[in-house]
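Colleague: I would like a close look at one part of this model. Please take me through it step by step.

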Amino acid sequence: MAVNLVNVEAVSKVYGTRALLDGVSLGVSEGDRIGVVGRNGDGKTTLIRMLAKLEEADTGRVTHSGGLHLGVLTQHDSLNPEATIRHEVIGDMADHEWAGSAKIRDVLTGLFGGLALPGFEHGLDTVIGPLSGGERRRIALAQLLIAEQDLIVLDEPTNHLDVEGIAWLAAHLRTRRSALVCVTHDRWFLDQVCTRMWDVQRGSVFEYEGGYSDYVFARAERERIAATEEAKRQNLVRKELAWLRRGAPARTSKPRFRVEAANELIADVPPPRDTSELRKFASSRLGKTVFDLEDVTVQAGPKVLLKHLTWQLGPGDRIGLVGVNGAGKTSLLRAMADAARSEGEVQPVAGRVIVGKTVRLAYLSQEVGELDPNLRVLQAVQQVRDRVDLGKGREMTAGQLCEQFGFGKEKQWTPVSDLSGGERRRLQILRLLMDEPNVLFLDEPTNDLDIETLTQLEDLLDGWPGSMVVISHDRFFVERTTDRVFALMGDATLRMLPRGIDEYLERRGRMLQAAAPSAPAAAPAKQTQGQGQAQAETGTRAPAPSSADARAAKKELQKVERQLDKLSQNETKLHAQIADNATDFGKVAKLDAELRELVAEREELEMRWLELAETVG
């Protein structure tokens with residue numbers, strides 16, 4: 001029988017006149033992996049701080065089992081700014097001791113990319129004081145994971161981690177014996193790691209068995225059984241459930257609920273978006289040209305991030321952009337945005353960015369700095385415009401859109417200066433959409449947003465007709481809102497990944513494995529990222545093609561990708577025509593013959609794409 005580690009008994013917590021938690025009773029036992037979800041400000045962080053005895057409850061009590069070893073990652077670290085990374089993470093262990101520990105090697109490699117800590121000027125001997133918040137966050141997480149605990153409490157552990165780092169952390173936590181309580185808005189991470197969920201809502205905490213997918217279904221069932229009003233029963237939860245059930249097999253590999261019940265619940269829910277219809281509408285708004293990049297080189301200072309890049313963002317394209325930190329994702333968007341804002345006058349250091357004449361670009365950066373703190377929320381939105389056209393006859397007022405983004409009627413009159421970081425982020429996205437852009441660049445849009453707001457944003461983007469590029473470490477959001485994934489692997493190239501983020505992680509894994517033998521296990525030599533990538537491309541492979549051949553292959557690769565896109569659209573149309581003419585057997589036979597030819601052509605092109613991709617990189 002599992003030993004009980006923490007008991008929370010009839011706990012309440014009040015801030016001002018608002019009860020964040022009201023008579024909550026919970027327990028954590030050995031082997032539990034609990035995910036905590038809820039809207040920003042509903043008390044998730046307060047709950048786990050009280051559970052860890054970092055904050056006192058107003059009433060009730062929290063008890064820990066005797067001798068409990070507890071590790072906590074808060075949103076503000078307690079690292080000594082004058083100490084080195086070595087002192088805070090490794091302590092007094094000699095090099096041969098820590099380098100001989102598989103656990104320590106795994107943590108350092110997973111969080112920092114290598115035992116020599118590439119990216120830190122002095123490696124383990126780097127002083128912590130001047131480091132950024134994201135770097136300090138990784139150090140605090142490494143310090144926690146290297147130690148042994150009975151229970152780990154994590155508050156937003158995926159913040160400042162890239163897709164690769166999040167995948168590593170999920171795999172690491174699944175293998176640990178420690179119990180886990182984790183607050184995060186990363187839904188993919190919750191599904192991978194957690195076996196129970198706590199949903200914090202209006203002072204209460206609802207418990208659910210299973211990961212995030214199971215929680216979404218169970219919550220929808222609970223609301224349906226409670227006979228809530230029909231509008232609420234058919235809310236965004238059902239749409240997200242449809243996405244989860246129809247998604248990749250890996251996302252639904254361990255369901256604990258009845259498949260028949262889930263399918264019945266979503267039987268009348270359409271797919272998240274009609275891609276063909278949106279592309280058609282986007283083409284009418286944008287024309288044929290959106291962004292064409294011809295032999296472009298992107299630099300950040302003296303560092304070349306991308307070179308000889310030929311790429312096209314077409315009308316209705318929904319692109320996810322992933323890659324290692326520092327590979328140039330944000331720099332690429334900035335170069336395209338600069339060309340759009342200057343009407344083509346500002347160009348990269350080499351090559352050319354062609355911008356369509358009808359492009360209306362909205363760029364959501366990682367910073368939140370342009371909001372006037374003296375304005376009220378509704379005024380900040382109305383400052384852009386009073387009403388917004390969402391396409392296909394859908395229109396919303398500023399107030400309605402505010403409510404959809406979690407700003408109720410009272411909250412709409414709150415001064416911007418009183419908003420939290422997450423609320424400011426919501427308001428920033430809302431203002432961008434109010435300006436009716438036809439091209440969206442979203443750089444880490446999920447930062448500081450709770451899960452409920454993310455589902456609302458995804459729902460809004462489902463019907464948004466335009467071109468979109470998303471940079472995000474939130475794998476669920478990227479897969480949910482985009483149709484194709486491109487990756488910057490750190491070798492100055494941009495590659496399309498037909499299998500998406502799974503393929504990206506596999507490629508990165510092969511690169512790291514190929515680079516690993518070059519460093520001794522006990523005393524790793526410091527190696528630059530470029531060296532590691534060069535080694536990853538050597539071995540049994542044929543000699544690299546000449547630069548002229550490589551450029552030609554890249555251009556053909558881009559052409560093949562455009563042809564594949566067009567074939568995919570035609571295939572969708574043919575399927576629709578076959579469905580429309582189901583009773584006309586002659587017509588169906590003719591359409592079926594066309595479809596077979598098209599599929600054969602697509603398969604041939606896909607083989608050519610794989611050959612070119614191998615040649616390019």
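What follows is a walk through one helix pair and then the nonpolar cores.

Colleague: How do helix H4 and helix H5 cross, and which residues meet there?

Modeller: Keep in mind that this is a predicted model. Start with the two helices. H4 covers residues 102-112, and H5 covers residues 133-146. Their axes come within 10 Å and cross at roughly 160°. Angles over 145 degrees count as roughly antiparallel, so H4 is roughly antiparallel to H5. The crossing of H4 past H5 is right-handed.

Now look at the side that H4 brings to the contact. Lys103, Ile104, Val107, Leu111 and Phe112 take part. From H5 come Arg138, Ile139, Leu141, Ala142, Leu145 and Ile146. Sort these residues by class: 9 are nonpolar, 2 are charged and none is polar.

Next, step back to the cores. In soluble globular proteins, nonpolar side chains tend to be buried together. Here the largest nonpolar core has 87 residues. Leu427 is among those with the most contacts inside this core, as are Phe291 and Trp311. Helix H13, residues 329-341, gives the core its largest share, 7 residues. A second, separate core has 50 residues, including Leu144 and Trp243.

Zoom in on Leu427. Leaving aside residues up to four places away in sequence, Leu427 touches Leu371, Val377, Ala380, Val381, Phe407, Val416 and Leu419.

Finally, take the whole chain. The protein chain has 22 helices and 20 strands. Of its 617 residues, 51% are buried.

Definitions and conventions
Residues numbered from 1 in each chain as written. Predicted model: local features only at pLDDT ≥ 70, side-chain atom pairs only at ≥ 80, totals over all residues. Heavy atoms only, no water. Axes fitted to C-alpha atoms, helices over the stretch in contact; angles between N-to-C directions. Helix = DSSP H or I, 4+ residues; strand = E, 2+ residues; numbered from the N terminus. Parallel < 35°, antiparallel > 145°, perpendicular 65-115°, else oblique. Left-handed = near helix turned anticlockwise from the far one by under 90°. Contact = heavy atoms within 4.5 Å. Nonpolar A, V, L, I, M, F, W, Y, C, P; charged D, E, K, R; others polar. Core = buried A, V, L, I, M, F, W, Y, C linked by side-chain atoms within 4.5 Å. Buried < 20%, exposed > 50% of the residue type's maximum accessible area, 1.4 Å probe, protein only.
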